[in-house]
Structures are given as C-alpha cells and as structure tokens.
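Student: I'd like to learn how to read salt bridges in a model like this one. Can you walk me through it?

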Amino acid sequence: SSWHKGYSLNTPRARAAPPTGDSVLFEDTSSAAPAMNSQGYYTPGYNMGEPSNDMQGGGGVNNLFTDPMANAAMMYGSSLANQGKDMVNKEISRFMSVNKLKYFFAVDTRYVLKKLMILMFPYTHRDWEVRYHRDTPLTPRQDVNAPDLYIPTMAFITYILLAGMALGIQKRFSPEVLGLCASTALVWVIIEVLVMLLSLYLLTVHSDLSTFDLVAYSGYKYVGMIFTVLCGLLFGSDGYFVALAWSSCALMFFIIRSLKMKILPSLSSDSMGMGSSAKPQLRLYITVASALFQPIIIYWLTSHLVR
C-alpha cells in the first residue's frame, strides 16, 4: 500500500486531451469583423489575394452594356447625333452648295474678255437678258450676261496686290496696313450684300437674285477700282479722278441694266393684288440705290492709295 501510495504521489497527472471536434490550431479571422485597437478604432484588414471584379472595373462595364436603360439611352443619343449631322449638312448645302459654286466659276477665256469689255464699256452692249434652258440659267461660259464669281475673286486679289504696290511706292507699306485694306474691302462687300438682302426682304420684293448673284454684282466694282488706281499711279490725281468718273458711270450703268432683268423681270405679276403700283417703284428704287452706292465705295477704297 505504501508502494502504491508512493507511485500515486510520484506519477504526474495526465492532462486532458484537446477536443477532437472541428477546432483548429489558429482561428480563421478572414471573414470575421475587424479587430479594434487600443483606442477603440477598427483596424482594416487587407486581403492580399486576387482583386475582386469590382476593383478591376469589369463588373461596372459589364453592367453598363447589359443595362437596357443604358443601351436605350445610347441608341437615342446616336439617333439624335445622326439627325443633327443631317440637318447641319442640309443647311450647309442650302447656303454653300458646291454645284452652285461650280456654276459661278464655269467660265472660259472668251467669257472673261467679253465680260471685262462690258464692265468697262457697257454702253455698246445691247442684249442684257439672261438666257435659260428648261428653267435653269445657262452657265457663264454659255451666256455673257450670267453673273460669275471668277472675275470678282481675281479682281479682289489683284486689287490687294496693287494696293500693296501703291503703298510701297509711297513708302507706307506694312503688313498691318495691307491687311486693313483687304479686310475693309471685303467687309464693304458683305455689308452691301446684307443691306440688299434685307431691303428685298423687308419690302417683300420677289426676285430671281440669289446670295451668290448679289456677291457677284457687288464684286464687279473691283475691276473699276483696279483701273482707277492704275490711272492714279500713272497719271497722278487728274488721271485718278477721270478714271473714277468713267468707272463709276460704267458700273452704275451695268448694275442698273443687269439688276433690271433680275429685280424687274415682269411687272405683270404684281398687277393683281394690293400695292400693285408701289411694288415696281420699290424695285426701281432698290436698283437705283444699289447703283448709286458703287461710286462712294470705289472712292472710299481707292482714294488713300493715290496721293
């Protein structure tokens, strides 16, 4: 019994075995709530694994393309953009038609020479009627009475070059002065065309004149301006005023005879209805006022080039 007692005293007690259930050595805290630090704030836990779909942006893009409302909005915006593009092209074609521009530049050497002779010596020209083919006016190369934009464009460029030469002779040339001269000449033509269009609109005068027609008739003054400046440079102030008087009278005669066939095509169309006697007078006033305005512009744009 004493041996058993000593054995029981010397033998250590056996420890309880750990539970054999689902317990593990370390606790999985990946899905647990973040631990709090000593100051009572949560410390974020970082997942060092692969980034999720939201972090990659894939889920947002996929949702954008699979959302029916987003697709409908994109289709509606695309249709609006196409409609706006068609409308802009239609308006551009209305005011700046390529076919119309081709018509006004359809010239040849024979037409240019004859037109320049008519501009400088219009008193010998007899037939001022514009010819048509199936309600379409003939091109300038086929009809010398048709307005064109080739002569006004070339005359404008020549006038700018001649103005630069005149300023250089007088030792007053500078790029700023030449630019001001060119912009002033261009602005006067634009103002003249806008005033003409506004007058025809406010007075409800119907005519065959288009915007390009008005630009062409307004641009023919550059031919007389070139002749005036050349005479002024060659023969002094006396030659300048003689050339100014000749070119002004010739241009006024040309404008009246040309616009008469456009603004006054037929007075019988206004013979019925209200104001039948006033409409022909208004058309005549517009024609004469446009003609009388030409010498003022010619003198204004050329007088400073000849001293």
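Tutor: Sure. A salt bridge here is a side-chain nitrogen of Lys or Arg within 4 Å of a carboxyl oxygen of Asp or Glu. Keep in mind that we're looking at a predicted model.

Student: How many salt bridges does that rule give?

Tutor: Three.

Student: Which residues are linked in a network?

Tutor: Asp-127, Arg-131 and Asp-143. Arg-131 pairs with Asp-127 at 2.8 Å, N to O, and Arg-131 also meets Asp-143 at 3.2 Å. That second pair joins two loops: Asp-143 sits between strand E2 (136-137) and helix H7 (150-169), while Arg-131 sits between helix H6 (109-120) and strand E1 (132-133), so the contact ties together parts 12 residues apart in sequence.

Student: Is Asp-143 buried or exposed?

Tutor: For that you need the cut-off: buried means under 20% relative accessible area, and exposed means over 50%. Asp-143 has 1%, so it counts as buried. Arg-131, at 41%, is partly exposed, and Asp-127 is partly exposed too, at 34%.

Student: And which residue does Glu-192 form a salt bridge with?

Tutor: Lys-221, with the closest N and O atoms 2.7 Å apart. This pair links distant parts of the chain: Glu-192 belongs to helix H8 (residues 175-202) and Lys-221 to helix H10 (residues 221-263), 29 residues apart.

Student: Are Glu-192 and Lys-221 buried or exposed?

Tutor: Both Glu-192 and Lys-221 are buried.

Definitions and conventions: Residues are numbered from 1 along each chain as its sequence is written. This is a predicted model: local features need pLDDT of at least 70, side-chain atom pairs count only at pLDDT 80 or more; totals for chains, interfaces and linings use all residues. Side-chain values use heavy atoms; hydrogens and water are left out. Buried means under 20% relative accessible area, exposed over 50%, partly exposed in between (1.4 Å probe, protein chains only). Helices (H or I, at least four residues) and strands (E, at least two) are DSSP runs, numbered from the N terminus.
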